[in-house]
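Let's walk through this structure together, one region at a time. Keep the sequence and the 3D view open as you read.

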Amino acid sequence: MITTDVIVIGGGPAGSTTSTLIAQHGHKVMLFERERFPRFHIGESLIPETYWVLSRLKMLDKMKASHFIKKYSVQFVNANGKLSAPFYFHDNKPHECSQTWQVVRSEFDLMMLRNAAEQGVEVHEATRVLDVLFEGDPLTPNSSPTVGRGGKAVGVRIQRENGAVEEVRAKVVVDASGQSTMLQSRFKLRLWDPVLNKGAVWTYWEGAYRDTGRDEGATLVIQTPNKQGWFWYIPLHNDVMSVGVVGPFDYLFKGRGSHEQIYTEEVDACQAVKDRLSKARRVTGYFATKDYSYRSKQVAGDGWVLVGDAFGFLDPLYSSGVLLALKSGELAADAIAEGLSRGDTSSAQLGKWGDMFNRGVDRMRRLVCEYYDGFSFGKFVRNFPQLKNTVTDLLIGDLFEERVDAVWGPMESLYEEGKQQIPAWTAGASPEVMQTKTNELYLPEGRKP
Ligand SMILES: Cc1cc2nc3c(=O)[nH]c(=O)nc-3n(C[C@H](O)[C@H](O)[C@H](O)COP(=O)(O)OP(=O)(O)OC[C@H]3O[C@@H](n4cnc5c(N)ncnc54)[C@H](O)[C@@H]3O)c2cc1C
């Protein structure tokens with residue numbers, strides 16, 4: 001029987017982060033990733049607060065030496081096509097952390113995984129985790145899983161590329177399996193967000209318009225003229241532009257035909273995107289997701305922890321996914337290392353960071369919901385110029401301090417008459433809606449960045 005201190009399921013940003021930091025603490029870590037990297041992934045725009053975790057991971061020099069496009073700002077285009085002034089992160093925090101990157105995820109995730117291996121993580125690619133094993137489970141390869149919620153996680157059952165099945169034991173199992181949500185699904189811990197029900201269709205272009213100089217790497221968030229949705233416009237290296245449309249699931253997909261048809265109609269209706277793509281050539285097929293936001297009711301149990309999308313997914317509006325993957329990975333790694341040194345791998349120890357983390361996600365979620373309810377950064381800053389830095393703090397991902405809550409009262413003072421309060425994520429979705437929900441990803445044939 002193979003044994004180690006910690007097992008990490010999944011080699012995306014959350015899994016790489018958690019495993020690297022646990023290895024830095026001096027513990028033995030095995031990471032199992034079902035794919036062989038590089039593999040395609042969406043989620044290309046980083047936000048500045050990733051800097052601090054990347055620094056702990058010893059990734060900064062690699063990022064600085066990479067060909068990834070440097071991102072200094074974010075800019076909004078409203079439904080009438082009016083472009084806001086850029087929000088330059090450096091004006092808010094004059095520090096090198098205010099420059100971040102637009103990454104091709106297949107390359108970034110590979111760099112992160114190699115970096116983990118360099119720091120002592122035992123990385124196994126093309127190795128799928130079939131089950132998490134709990135105390136009292138029968139430890140035979142062909143037995144059906146009898147995982148109980150009360151028990152303590154003690155290891156995993158894995159399947160190698162050649163089909164061989166093995167069991168590996170550990171003191172802690174970290175689920176970083178992304179939207180596969182292995183443990184969240186098994187224990188029925190998922191709460192679907194009561195309001196954030198979106199879908200996305202996207203593709204990649206060469207020769208699309210891009211600004212120059214400091215603005216070349218800006219993310220553009222372009223509202224559609226009918227205000228039903230928005231486009232991301234994200235410049236990648238090698239002249240590739242990632243352009244996707246996000247909208248309410250029913251609006252985007254119901255009775256609208258193929259992904260190509262939906263995308264073409266939305267671009268045709270949005271002059272700000274159409275103009276920018278007028279000289280561009282599409283270089284991939286069409287990608288699509290159903291992306292309902294969700295979170296787990298629990299961040300940890302005895303001997304197990306959830307990080308990244310395996311814990312929760314938040315609407316991509318402000319590009320917070322990788323930050324939340326890195327941050328939860330960091331917080332979980334520190335709690336695990338402390339627990340191992342004390343011999344305490346209880347749910348309370350492994351999940352001690354959960355409440356604080358949830359409050360941070362709540363702040364980003366509120367900013368997302370306010371945008372969908374008509375919030376305008378321009379109007380807010382004109383009315384409350386003294387809060388420009390604080391609202392920019394939220395945009396860069398500085399989410400985990402109470403001082404940023406200073407923006408909500410003034411924001412509410414600008415509410416139009418009759419605007420409803422945003423329901424908390426803990427309200428969940430109604431049972432009927434829950435029946436119909438499942439996150440799905442459609443990948444086209446052929447080239448993928
Ligand atoms: C449309 C869209 C746009 C987005 N845009 C952005 C953006 O601009 N910026 C941003 O920061 N975020 C963005 N995101 C979010 C971002 O993609 C995710 O939040 C991020 O990838 C989460 O990282 P992770 O490590 O938790 O999961 P993943 O990156 O999904 O990694 C999970 C890994 O686990 C592996 N795995 C799964 N099951 C198993 C198993 N049984 N055994 C072994 N391995 C397994 C998978 O192969 C995968 O490699 C976007 C998301 C969507 C849907």
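A good place to begin is the ligand: the shell around it draws at least three residues from each of domain 1 (2–69 + 104–190 + 295–358) and domain 2 (73–102 + 192–292 + 434–442). These domain bounds come from an automatic or database domain assignment. Please keep in mind that this is a predicted model, where local features need pLDDT of at least 70, side-chain atom pairs count only at pLDDT 80 or more, and totals for chains, interfaces and linings use all residues. Residues are numbered from 1 along each chain as its sequence is written.

Of the 36 residues around the ligand, Gly-12, Gly-43, Gly-178, Gly-308 and Gly-321 come nearest; a residue is near a molecule if its C-beta atom, placed from the backbone, lies within 6 Å of it. Two or more shell residues come from each of α1 (13–24), β8 (128–134), β16 (287–296) and α10, and α10 gives the largest share, four residues. Helices (H or I, at least four residues) and strands (E, at least two) are DSSP runs, numbered from the N terminus. By class, the shell has 15 nonpolar, 14 polar and seven charged residues. Here Ala, Val, Leu, Ile, Met, Phe, Trp, Tyr, Cys and Pro count as nonpolar, Asp, Glu, Lys and Arg as charged, and the others, Gly among them, as polar.

Helix α10 has a part in the core too. The largest nonpolar core has 124 residues, and Ile-336 is one of those with the most contacts inside it. Such a core is a set of buried Ala, Val, Leu, Ile, Met, Phe, Trp, Tyr and Cys residues joined through C-beta atoms within 7 Å. Not counting residues up to four places away in sequence, Ile-336 touches Val-6, Ile-22, Val-172, Val-305 and Leu-350.

Now turn to strand β11. Since 12 of its 17 residues are buried, β11 is largely enclosed by the rest of the structure; buried means that 20 or more other C-beta atoms lie within 10 Å of a residue's own, these atoms being placed from the backbone. β11 pairs with β16 in the antiparallel sense over nine bridges, and Trp-192 has Tyr-294 as its bridge partner in β16. Nine bridges also join β11 to β14 (residues 240–248), again antiparallel, with Trp-202 opposite Gly-244. Strands pair if DSSP finds at least two bridges between them.

Finally, 10 residues of domain 2 are in contact with 12 residues of domain 3, contact meaning C-beta atoms, placed from the backbone, within 7 Å. β11 gives the most to the domain 2 side, with four residues.

Technical notes:
Two residues are in contact if their C-beta atoms, placed from the backbone, lie within 7 Å.
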